[in-house]
Amino acid sequence: MDYPPLFAWFEKSLSVVAQFFDPAMLIVSNLNYASAATVAFQRLSVILTDFVLIYAIWQYVQHDF
């Protein structure tokens with residue numbers, strides 16, 4: 001395994017949400033599949049997770065050691 005197990009759970013949670021955008025994007029044999037809903041989901045998921053990361057870093061910096 002070349003990535004942490006937590007990342008697998010993260011990908012699983014993304015796939016659970018992705019099925020509401022476009023279930024066809026979850027078919028592994030669909031190489032080069034790019035519907036408008038898939039692209040929107042990819043962009044929104046990156047933006048949302050970046051905000052979560054920024055918030056977590058801000059909380060960490062605010063923590064009084």
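A residue is called buried when its relative accessible area is under 20%, exposed when that area is over 50%, and partly exposed in between. In this predicted model, F21 has a relative accessibility of 36%, so F21 counts as partly exposed. F41, by contrast, has a relative accessible area of 9% and is therefore buried.

These two phenylalanines belong to an aromatic pair, and the model holds 3 aromatic pairs by the ring-centre rule. The ring centres of F21 and F41 are 5.1 Å apart and the planes of the rings stand at 55 degrees, so the pair is tilted, given that tilted covers planes that are neither under 30 degrees apart nor over 60. Because F21 lies in helix α1, which spans residues 5-21, and F41 in helix α2, which spans residues 36-62, the pair ties together parts of the chain that are 20 residues apart in sequence. Another aromatic pair is formed by Y55 and W58, again tilted, with 6.3 Å from centre to centre and 35 degrees between the planes. Here both partners lie in helix α2, 3 residues apart, which is about one turn of the helix. W58, at 47% relative accessibility, counts as partly exposed.

The link between F21 and F41 leads on to the packing of the two helices. Two packed helices are described by the angle between their axes and by the distance between those axes. For α1 and α2 the angle is about 140 degrees, and the axes are 10 Å apart. Since only angles over 145 degrees count as roughly antiparallel, α1 and α2 are therefore oblique to each other. The crossing that α1 and α2 make is right-handed. On the side of α1, the contact is made by F10, L14, V17, A18 and F21, and on the side of α2 by A37, F41, L44, S45 and T49. By character, the residues of this contact divide into 8 nonpolar and 2 polar, with no charged residue among them.

The loop between α1 and α2 offers several residues to follow. A24 lies in this loop and is partly exposed, its relative accessible area being 22%. If neighbours within four places in sequence are left aside, A24 is in contact with N30 and Y33. The C-alpha atoms of A24 and Y60 are separated by 38 Å, while the two residues stand 36 residues apart along the chain.

Further along, N32 also has its place in the loop between α1 and α2. Although N32 is not a glycine, its phi is positive, at about 60 degrees. With a relative accessible area of 81%, N32 is exposed.

A34 lies in the loop between α1 and α2 as well, and with a relative accessible area of 59% A34 is exposed. From A34 to V61 the separation in sequence is 27 residues, and the distance in space, C-alpha to C-alpha, is 38 Å.

Terms used. Residues numbered from 1 in each chain as written. Predicted model: local features only at pLDDT ≥ 70, side-chain atom pairs only at ≥ 80, totals over all residues. Heavy atoms only, no water. Phe/Tyr/Trp six-rings, centres within 6.5 Å; stacked < 30°, edge-to-face > 60°. Helix = DSSP H or I, 4+ residues; strand = E, 2+ residues; numbered from the N terminus. Buried < 20%, exposed > 50% of the residue type's maximum accessible area, 1.4 Å probe, protein only. Axes fitted to C-alpha atoms, helices over the stretch in contact; angles between N-to-C directions. Parallel < 35°, antiparallel > 145°, perpendicular 65-115°, else oblique. Left-handed = near helix turned anticlockwise from the far one by under 90°. Contact = heavy atoms within 4.5 Å. Nonpolar A, V, L, I, M, F, W, Y, C, P; charged D, E, K, R; others polar.
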